[in-house]
Amino acid sequence: MIRALIPLALIAALPAVAQEDTAPLRFDEERFRAVQGVFCEVPSEGELEAPGTVAGRIELFSVVPEFQWHTHVVPAVDGISFGIKTQAVRGLILDGVTITLTHPPFRESGATRQSYVTMIGGASESINAYTFDTEEERVTGTWTFTAEQNGDEIYSARFEVVPPAQAPEIAGACGSVPMS
């Protein structure tokens with residue numbers, strides 16, 4: 001399920017800095033900082049309707065969780081969360097930002113794209129993340145978060161979701177999981 005920190009979580013809409021297409025994270029580093037990573041699921045503090053998502057809602061964090069692993073490789077196990085933290089360099093705020101998550105087809109629904117509109121930037125750090133909650137969601141392959149406002153890309157982050165045995169140190173840290 002998609003999760004985000006909405007309060008005080010806002011950013012500036014700017015063109016992405018030109019980087020290699022293979023870079024797992026692209027963003028305008030003169031205007032904001034961004035980092036991607038993985039963490040064990042933390043409790044959410046509420047939710048908002050998000051009709052463009054499979055669950056129809058996004059869950060909200062009261063604080064930005066710490067990344068336990070700074071990587072773009074994610075094992076496909078329940079209780080694993082992954083995403084992007086951003087912070088505006090000058091406290092700029094953007095409203096009406098569309099976060100789009102693309103991924104391989106879900107096992108039952110066939111869904112390949114989810115999106116919602118949010119605010120990012122401001123004086124504090126924000127996060128947009130995904131947590132594996134169901135078997136349908138745990139599909140391996142490339143997952144990409146993109147943040148856009150009015151057609152301008154703010155950031156793009158690519159993750160490689162892999163079988164648990166390909167990232168055992170992460171897969172085993174967030175609960176018991178078979179490594180097959």
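Where does arginine 138 lie? In this predicted model, arginine 138 sits in the loop that links β10 (126–131) to β11 (141–149). Its partners come from other parts of the chain: setting aside residues up to four places away in sequence, arginine 138 touches Ala76, Val77, Asp78, Arg107 and Phe132. Take valine 77 as an example. Arginine 138 and valine 77 are 61 residues apart in sequence, yet their C-alpha atoms are 6.6 Å apart in space.

Now for the nonpolar interior. The largest nonpolar core counts 37 residues, and Phe82, Trp143, Phe145 and Tyr155 are the ones with the most contacts inside it. As for strands, β12 (residues 152–162) is the top contributor to this core, giving 5 residues. There is also a second core, separate from that one, made of 6 residues, with Phe39, Phe61, Ile127 and Ala129 among them.

Phenylalanine 82 deserves a look of its own. Leaving out neighbours within four places in sequence, its contacts include Trp143 and Phe145, both of which are also listed with phenylalanine 82 among the residues with the most contacts inside the largest core. Phenylalanine 82 is also in contact with Phe39 and Ala129, two residues that belong to the second core. The rest of its contact list is made up of Gly37, Val38, Val74, Asn128, Tyr130, Phe132, Phe159 and Val161.

Some polar side chains are tucked away as well. Glutamine 36, found in strand β3 (residues 32–40), counts as buried because its relative accessibility is 8%, under the 20% cut-off. What does its side chain reach? One polar contact goes to the backbone oxygen of arginine 158, at 3.0 Å, and another goes to the backbone nitrogen of leucine 25, at 3.5 Å. Once neighbours within four places in sequence are set aside, glutamine 36 is in contact with Pro24, Leu25, Phe67, His70, Thr71, His72, Gly83, Ile84, Ala157, Arg158 and Phe159.

Histidine 103 is a loop residue, placed between β8 (93–102) and β9 (113–121). Is histidine 103 buried or exposed? With a relative accessible area of 6%, histidine 103 is buried. Its side chain is joined to that of glutamine 114 by a polar contact of 3.1 Å. Beyond neighbours within four places in sequence, histidine 103 is in contact with Ala111, Thr112, Arg113, Gln114, Thr142 and Trp143. Trp143 turns up again here: this contact of histidine 103 is also in contact with phenylalanine 82.

Key: Residues numbered from 1 in each chain as written. Predicted model: local features only at pLDDT ≥ 70, side-chain atom pairs only at ≥ 80, totals over all residues. Heavy atoms only, no water. Helix = DSSP H or I, 4+ residues; strand = E, 2+ residues; numbered from the N terminus. Buried < 20%, exposed > 50% of the residue type's maximum accessible area, 1.4 Å probe, protein only. Polar contact = N/O pair within 3.5 Å; in protein donor to acceptor, adjacent residues only side chain to side chain. Contact = heavy atoms within 4.5 Å. Core = buried A, V, L, I, M, F, W, Y, C linked by side-chain atoms within 4.5 Å.
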